[in-house]
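The following note is addressed to a colleague who is meeting this structure for the first time. Its points are numbered so that each can be checked separately.

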Amino acid sequence: MTDERGLVVIVEDERAIADVARLYLGEAGFGVHLARDGDSGLADIRRLRPVAAVVDIGLPGIDGIELVRRLRRDDDWTPVLFSTARDAEVDRILGLELGGDDYLTKPASPRELVARVKALVRRSQVAAATDVLRAGEWEVDAARRTVRVGGRLVELTATEFDLLVQLMRRPGQVFSRAQLLAEVWGIADYSGTRTVDTHIAQVRAKMGSPDRIRTIRRVGYAVDA
């Protein structure tokens with residue numbers, strides 16, 4: 001199978017699920033490496049430097065959330081798609097807040113899995129190619145994935161960071177919630193607009209200048225230059 005799109009590490013202990021994911025990602029042009037538990041998955045991601053990782057939350061050894069926590073602690077921002085049988089909202093929020101980039105609940109459509117992975121890779125490549133972005137006292141270095149407000153370092157989750165980059169790449173442009181869902185999360189599901197609002201609120205709180213991200217009633221959001 002070709003690996004023209006780069007390598008994806010799948011950390012999944014259910015063999016049938018892992019084999020289906022490997023098949024579909026391989027057909028989409030990705031190289032695929034499988035790991036069966038959290039400890040080996042963490043080591044493989046660190047060693048292989050994949051373009052993305054698909055990580056089950058309920059793993060033998062360290063679980064998926066702890067795996068990603070350790071990656072982010074070491075400043076490794078490999079895009080991560082969480083996969084889990086749990087569907088509780090607390091798990092969804094916890095996973096993304098700890099540095100996951102997206103979330104799929106089992107059983108998931110293999111085609112949706114491929115679409116989500118493609119979106120993660122595209123977002124990371126766009127961010128890496130973007131120069132330092134500035135809006136007033138805000139400064140975002142997309143390559144280093146750092147955010148500063150008046151020189152003060154601000155810690156954002158991976159998704160919050162990508163959302164801020166998307167807005168700051170075109171200051172003043174109004175992005176609809178549907179546009180942000182498509183560009184940042186890689187999905188076109190209008191039922192997920194509340195996710196956008198939640199993440200915008202989190203970014204505003206952390207940046208400390210909430211008025212710079214304007215809400216355009218019944219439309220979406222924009223960053224003032």
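1. Arg 49 sits in the loop between H2 and strand S3 (52–56). The model is a predicted one, and in it Arg 49 has a positive phi of about 55 degrees although the residue is not a glycine. Is Arg 49 buried or exposed? Its relative accessible area is 56%, and since exposed means over 50%, Arg 49 counts as exposed.

2. A second positive phi occurs at Arg 218, where the angle is near 65 degrees, again in a residue other than glycine. Arg 218 belongs to the loop between strand S11 (213–216) and strand S12 (220–223). With 76% relative accessibility, Arg 218 is classed as exposed. The reader may wish to inspect Arg 49 and Arg 218 together, as each is a loop residue with a positive phi.

3. Helix H2 itself, which covers residues 38–48, contains Arg 46. Which residues does Arg 46 touch, leaving aside those up to four places away in sequence? They are Arg 70, Leu 71, Arg 73 and Asp 74. With Asp 74 there is also a polar contact of 2.5 Å between the two side chains. The C-alpha atoms of Arg 46 and Asp 74 are 9.8 Å apart in space, while the two residues stand 28 residues apart in sequence. Arg 46 has a relative accessible area of 36%, and is therefore partly exposed, as this value falls between 20% and 50%.

4. Two loop residues are buried and merit a separate point. Ile 57 lies in the loop between S3 and helix H3 (64–73). Its relative accessible area is 0%, so Ile 57 is buried. Ile 57 and Glu 12 are separated by 45 residues in sequence, yet their C-alpha atoms are 8.7 Å apart. Gly 29 is placed in the loop between helix H1 (15–27) and strand S2 (31–35). At 2% relative accessibility, Gly 29 is likewise buried. From Gly 29 to Leu 7 the C-alpha distance is 9.3 Å, with their positions 22 residues apart in sequence.

5. Leu 133 is part of strand S6, which covers residues 133–135. Why is Leu 133 classed as buried? Its relative accessible area is 12%, and buried means under 20%, so Leu 133 meets the criterion. Residues up to four places away in sequence set aside, Leu 133 touches Trp 138, Glu 139, Val 140, Val 165, Met 168 and Arg 169. Of these, Met 168 is 35 residues from Leu 133 in sequence and 6.6 Å from it in space, taken from C-alpha to C-alpha.

6. The next matter is internal space. How many cavities of 30 Å³ or more does the structure hold? There is 1, and the volume of the largest cavity is about 60 Å³. Its lining is formed by Trp 77, Pro 79, Asp 101, Leu 120, Arg 123, Ser 124, Arg 145 and Asp 162. Helix H5 (residues 110–129) makes the greatest contribution to this lining, with 3 residues. Sorted by class, the lining comprises 3 nonpolar, 1 polar and 4 charged residues.

7. Finally, the figures for the chain may be set beside these local points. The chain has 8 helices and 12 strands. Of its 225 residues, 49% are buried; Leu 133, Ile 57 and Gly 29 are among them. Contacts between residues 24 or more positions apart make up 58% of those with a separation of 6 or more. The accessible surface of the chain is about 10600 Å², and carbon and sulfur atoms account for 49% of that area.

Methods:
Residues are numbered from 1 along each chain as its sequence is written. This is a predicted model: local features need pLDDT of at least 70, side-chain atom pairs count only at pLDDT 80 or more; totals for chains, interfaces and linings use all residues. Side-chain values use heavy atoms; hydrogens and water are left out. On a 1 Å grid over the protein atoms alone, a cavity is a set of points where a 1.4 Å probe fits but cannot get out, and a pocket is an open set with protein on both sides within 12 Å along at least five of seven lines; lining residues have an atom within 4 Å of a point. Grid points are joined across faces, edges and corners, and a volume is the space filled by probe spheres set on the points. Helices (H or I, at least four residues) and strands (E, at least two) are DSSP runs, numbered from the N terminus. Ala, Val, Leu, Ile, Met, Phe, Trp, Tyr, Cys and Pro count as nonpolar, Asp, Glu, Lys and Arg as charged, and the others, Gly among them, as polar. Buried means under 20% relative accessible area, exposed over 50%, partly exposed in between (1.4 Å probe, protein chains only). Contact means heavy atoms within 4.5 Å. A polar contact is a pair of N or O atoms within 3.5 Å; within protein, one must be able to donate a hydrogen and the other to accept it, and residues adjacent in sequence count only if both atoms are side-chain atoms. Accessible areas come from the Shrake-Rupley method with a 1.4 Å probe; for residues, only the protein chains shown count as cover.
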